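Reader: I would like to go through this model by way of questions, beginning with the ligand and then turning to the chains. Could you take me through the reasoning each time?

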Amino acid sequence: MDDLITREYETVSGIAGPLLFLERARTASMGEMVEILLPSGETRRGQVIELSEQHAIIQVLEETTGLGIAGTRVRLTESAAMMDLSPDLLGRRFNGVGLPIDGLPPIIPEARMEIIGRPLNPVARDKPAHFIQTGISTIDGLNTLVRGQKLPIFSGAGLPAKELAAQILRQANVREDLPSPPSPFKGEAKVGASAFAIVFAAMGVTFREASYFLQEFERGGVMEHTVVFLNLADDPTIERLLTPRYALTTAEYFAFTQGRHVLVILTDMAAYCEALRQIATAREEIPGRRGYPGYMYSDLASIYERAGRIRGKAGSITQLPILTMPDDDITHPIPDLTGYITEGQIVLSRELHRKGIFPPIDVLPSLSRLMNLGIGPGKTREDHRAVADQLYALYAQGRDVRRLAAIVGEEGLTDSDRRLLKLAQDFEQEFVNQGEQDRDIDGTLDLGWKFLRYLPKDRLTRVKPELIEKHYGANG
Amino acid sequence: MSGTIIKISGPTVVAREMAQTRMFNRVAVGRIGLLGEVIRVRRDEATIQVYEDTTGLALGDEVSDAGEPLLVELGPGLLGSIFDGVQRPLDVLAAEHGDWIARGLKLPALPRDRQWVFTPLVRPGTQVAGGACVGAIQETEKIQHRVLVPPGVSGTVLEIRGGTFTVTETIAVLDDDRPLAMLQRWPVRTPRPVAERLPPVVPFITGQRVFDMLFPVASGGTVIVPGGFGTGKTVVEQTLAKYAQADIIIYIGCGERGNEMTEVLADFPHLKDPTTGLPLMQRTVLVINTSNMPVAARETSIYTGITLAEYYRDMGYSVALMADSTSRWAEATREISARLEEMPGEEGYPTYLATKLAEFYERGGCVRCLGQADRQGSVTIVSAISPPGGDFSEPVTQSSMQVAGALWALDSDLAHRRHFPAINWKRSFSLYAAPLDPWFRAQVAPDWPQLRIDLAALLQKEEELQEIVQLVGIDALQDQERIALEVSRLVREEYLRQNAFSQIDAACPLEKQYWILKALLLFLHYCRERLKQGWAIEQLLGSPFRAELERMKETPPRDCVQQARAMIEKMGQEVGK
Ligand SMILES: Nc1ncnc2c1ncn2[C@@H]1O[C@H](COP(=O)(O)OP(=O)(O)O)[C@@H](O)[C@H]1O
Ligand SMILES: [Mg+2]
């Protein structure tokens, strides 16, 4: 029976880069997964990405090395790329196209979903509203992460993005019942353990980097709540076009079928974009900015937009993508298009890193667009918004003064300028530079006040007088 | 009429046996009938852009031609609706088909079962022509929906009845037995005709100081808002949708975030229309095609939106169209053009990009509407632009700048220091400022234009002084110059900066705008005089006037105006006018 439906072709007419051309494949359909059968008996996977009377174009998801025309057959599977889903995925490890690599047998699926995913109807979305305490002052205090948000880390080569992500994982409370903040990594995993899950997708990262994360999961005791997808640097490039989609299909299952709060880590999105560029080049498409395809914005959106909450459903998907900015350039298409889609960004700075500051977060270009939804009375504190605004303004001024002082010397500064200069300095050394400390939101905001006190009360024009009265203290 | 698919590439499909079709005809593609539009005809082959994901389509699948273009449904019930780019009602879609948008669904834009009370405004025997108003429906508490004879149609009214009807029922009959219903359809890409275009003379009041005072836009004008990510485009669009003065708001979320739309959907029903006090949703139509929804529908969303805007304009209303972001529309155009293998122009955009943009912006304007009775309407366009890397030299910004009447340039540096709206006042401009002066003079204050000139001059002065300070330090400045710096900083912080999320200051009435600025500028005069009298700068910086000015914008309008006037009086008494 099976054989009657399965359709096989021996009409491979060409192979170019990651593409395979198949003639007269009249029964193929768009997006269909195929198996490529080599004369050696080996099989590789591919996907139909274009159809015409001359040929079908198949994107080969694995190595094309050793692939030839003679004797190669292509078998259509009649199905788009699908992911098998069940709660048993937790604790498991897969390659970039969803095949187990942990030596265990495939799971017995409870559900099966197309990895492409249909767009979520904007009307069905629910407004993100819950503060996630990461324990990191520059994030909690100034660029608050909210459940259901997509907040990428913009890193540079050699900057400690993975350490930051790991610290967030370690300290973050993704669970429902705030304010009691214990994190999964602090033995919380055992109690009420079903409330969260972590989906980790590595794309083109080194083995060392991937194992860093795996060790962190082990160390924190959350491995059994984690699903891992690994496409490493030496794994097939094209495969990684599918990796985030397997990961997000899994995340959607846990969030919206199983009602969990899912944290998704996607690293490194720059490697994903390289794969996208490679396919575009192979297809001889007209390149867009810096050789990346013109549709990269839409393609990235189809990944990043798979975060959020749905009305009437318990779970949520929070995305923490990591990307390396080529040449530290934030205007490069990869960070640029990402920033246009995500709900803010956490930007790492080489300058702060050189000064030995950890995490080296440059707060000025960093942003959380959903911050207002997650802060304020009943969520964090009534003075949160004002403290953040005022700190931003003063730190920005302090940096201006620093630039000025470099030219005219400190003697040329006014008294208030000198205060600002010191504020910028100390703010970086204490507020930003927190090392492995885990600060709760009160600690963060109180520390913020310390720097506001560098200036007299009447210079805090972004804070309401009532709040100044309450928090500034007697002096000044 | 139907053909068969011979090629599929992304959202583009080529079908054969389509010799009978015409450009921009609507088609149904494949077994599940995906919505598509013919974008090229060559011999018997038609190239089709498909508005839905093409996964699963195969060669040989059928394409059936509707024989007519993609049409926008017009009629009562549009207000408060939420449509996708091809006008499918997203709320109905969610209610009937679940959280994820399935493919091949066909739903009418306007509900067919809803009843409306129709009141005729002409008698049988009346001669009518396109645009003539034959009757009205109270669509919302404020908006009277006028039923117009479709452009191009004319004749004698044979029969017309008042009563309760659905949108498809006949409400009038013209000679030759031509029935007229409330529901009308209009080709999405065709501008609706007007009797006459009028010069803009009334401002589009935004309630934002930096816009109304420095870079005002006319009702019926076009303003572009370019800025890198995070500079505040969406907040500008949403703030204006909430607080600007207009009868109708058409909000197009074109290729942007889902969660932003969720915020609009969650907030608007609870917010009040600033002019009528009615729920904001009653004056709003949302057209939403987020970045993860199909690209082709993103391209159409702009046309769907502007057609809806023109429709209400034709009834005689002032309509504001918010497009966030036009760049995503341009990019959709680029994607489609690339699939057609057209010759690419700059940055891969089609060579006709500038023309298409101009055609879109030209659909804004102030007009005398077609047909009886005499009425005027307007469409104001506020178009957000997302330049790659925040660099304005790119084609979409540049082409838009050539046709727009005003530019509100957003600036990353200001945004990073959380100065919002992050308007770079050096790059921004408005060609409407001078033509609107008479209105401001007559309606707010005779010296309104002078205040604008003084404000711009002060900011310019600060710029020059800053350059000196950067070179040789503050000591190089005279006290008179230092005080100008200080007051200018005060003006930036306390006047130009406006928090869109403040209870009190999110929208600032014109009178309040005027009086705060007047007080600020007089404070500069006051300081200068005091310096001449030998006062020290520190003394002036510690002055209670300054403290008062720092809290002024967060004071409710009436109190604020009183306070400002009192302060002006007092400063005048102390130093003389
Ligand atoms: N007028 C404003 N008042 C207060 N905050 C603002 C204002 N404009 C922008 N912001 C802040 O800047 C962020 C980014 O603005 P947004 O409009 O989303 O940028 P863009 O659409 O240009 O990417 C917002 O989330 C908000 O925090
Ligand atoms: Mg935006």
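Reader: Which residues are the closest to ligand 1, among those that surround it?

Author: Because this is a predicted model, the positions discussed here are computed ones. Ligand 1 lies between chains A and B. The shell around ligand 1 holds 15 residues, and the closest of these are Arg369(A), Gly230(B), Lys233(B), Thr234(B) and Val235(B).

Reader: How many nonpolar, polar and charged residues does the shell around ligand 1 have, by class?

Author: Domain 3 (196-430) and domain 4 (448-576) of chain B each supply at least three residues to the shell around ligand 1. Sorted by class, that shell has 2 charged, 7 polar and 6 nonpolar residues.

Reader: Which helix of chain B gives the most to the shell around ligand 1?

Author: One of the closest residues to ligand 1 is Thr234(B), and a polar side-chain atom of Thr234(B) lies 2.8 Å from an oxygen atom of the ligand. The element that gives the most to the shell, with 3 residues, spans residues 233-243 of chain B and is helix H3.

Reader: Ligand 1 also has a nitrogen atom 3.0 Å from a polar backbone atom; which residue does that backbone atom belong to?

Author: A polar backbone atom of Gly232(B) is 3.0 Å from an oxygen atom of ligand 1, but the question concerns a nitrogen atom of the ligand. For that nitrogen atom, the polar backbone atom at 3.0 Å belongs to Ala500(B).

Reader: What percentage of the accessible area that ligand 1 has on its own does the protein cover?

Author: On its own, ligand 1 has 550 Å² of accessible area. The part of this area that the protein covers is 90%.

Reader: Is Thr166(B) buried or exposed?

Author: Thr166(B) sits in the loop between strand E14 (163-165) and strand E15 (170-174) of chain B. Leaving aside neighbours within four places in sequence, Thr166(B) is in contact with Arg112(B), Asp113(B), Arg114(B), Gln115(B) and Met182(B). Because its relative accessible area is 10%, and the cut-off is under 20%, Thr166(B) counts as buried.

Reader: Which residues does Gly77(B) touch, not counting those up to four places away in sequence?

Author: Gly77(B) is placed in the loop between strand E7 (71-74) and strand E8 (82-83) of chain B. With a relative accessibility of 9%, Gly77(B) counts as buried. Beyond residues up to four places away in sequence, Gly77(B) touches Leu110(B), Trp116(B) and Glu139(B).

Reader: What distance separates the centres of domain 2 and domain 3 of chain A?

Author: The domain assignment of chain A gives domain 1 (2-80), domain 2 (83-374) and domain 3 (384-471). The contact between domain 2 and domain 3 takes 29 residues from the former and 24 residues from the latter. Taken over C-alpha atoms, the centres of these two domains are separated by 32 Å.

Reader: Why does Glu78(A) count as partly exposed?

Author: Glu78(A) lies in strand E7 (residues 73-80) of chain A, and has a positive phi of about 65° although it is not a glycine. Partly exposed covers values between the buried limit, under 20%, and the exposed limit, over 50%. Glu78(A) is partly exposed because its relative accessible area is 43%.

Reader: What is the relative accessible area of Arg418(B)?

Author: Arg418(B), a residue other than glycine, has a positive phi near 60°. Its place is in the loop between helix H9 (412-416) and strand E26 (429-430) of chain B. Arg418(B) is buried, and its relative accessible area is 9%.

How values were computed: Residues numbered from 1 in each chain as written. Chains lettered and ligands numbered in written order. Predicted model: local features only at pLDDT ≥ 70, side-chain atom pairs only at ≥ 80, totals over all residues. Heavy atoms only, no water. Near = heavy atom within 4 Å. Polar contact = N/O pair within 3.5 Å; in protein donor to acceptor, adjacent residues only side chain to side chain. Areas by Shrake-Rupley, 256 points an atom, 1.4 Å probe, with all protein chains shown as cover. Helix = DSSP H or I, 4+ residues; strand = E, 2+ residues; numbered from the N terminus. Nonpolar A, V, L, I, M, F, W, Y, C, P; charged D, E, K, R; others polar. Domains from an automatic or database assignment. Buried < 20%, exposed > 50% of the residue type's maximum accessible area, 1.4 Å probe, protein only. Contact = heavy atoms within 4.5 Å.
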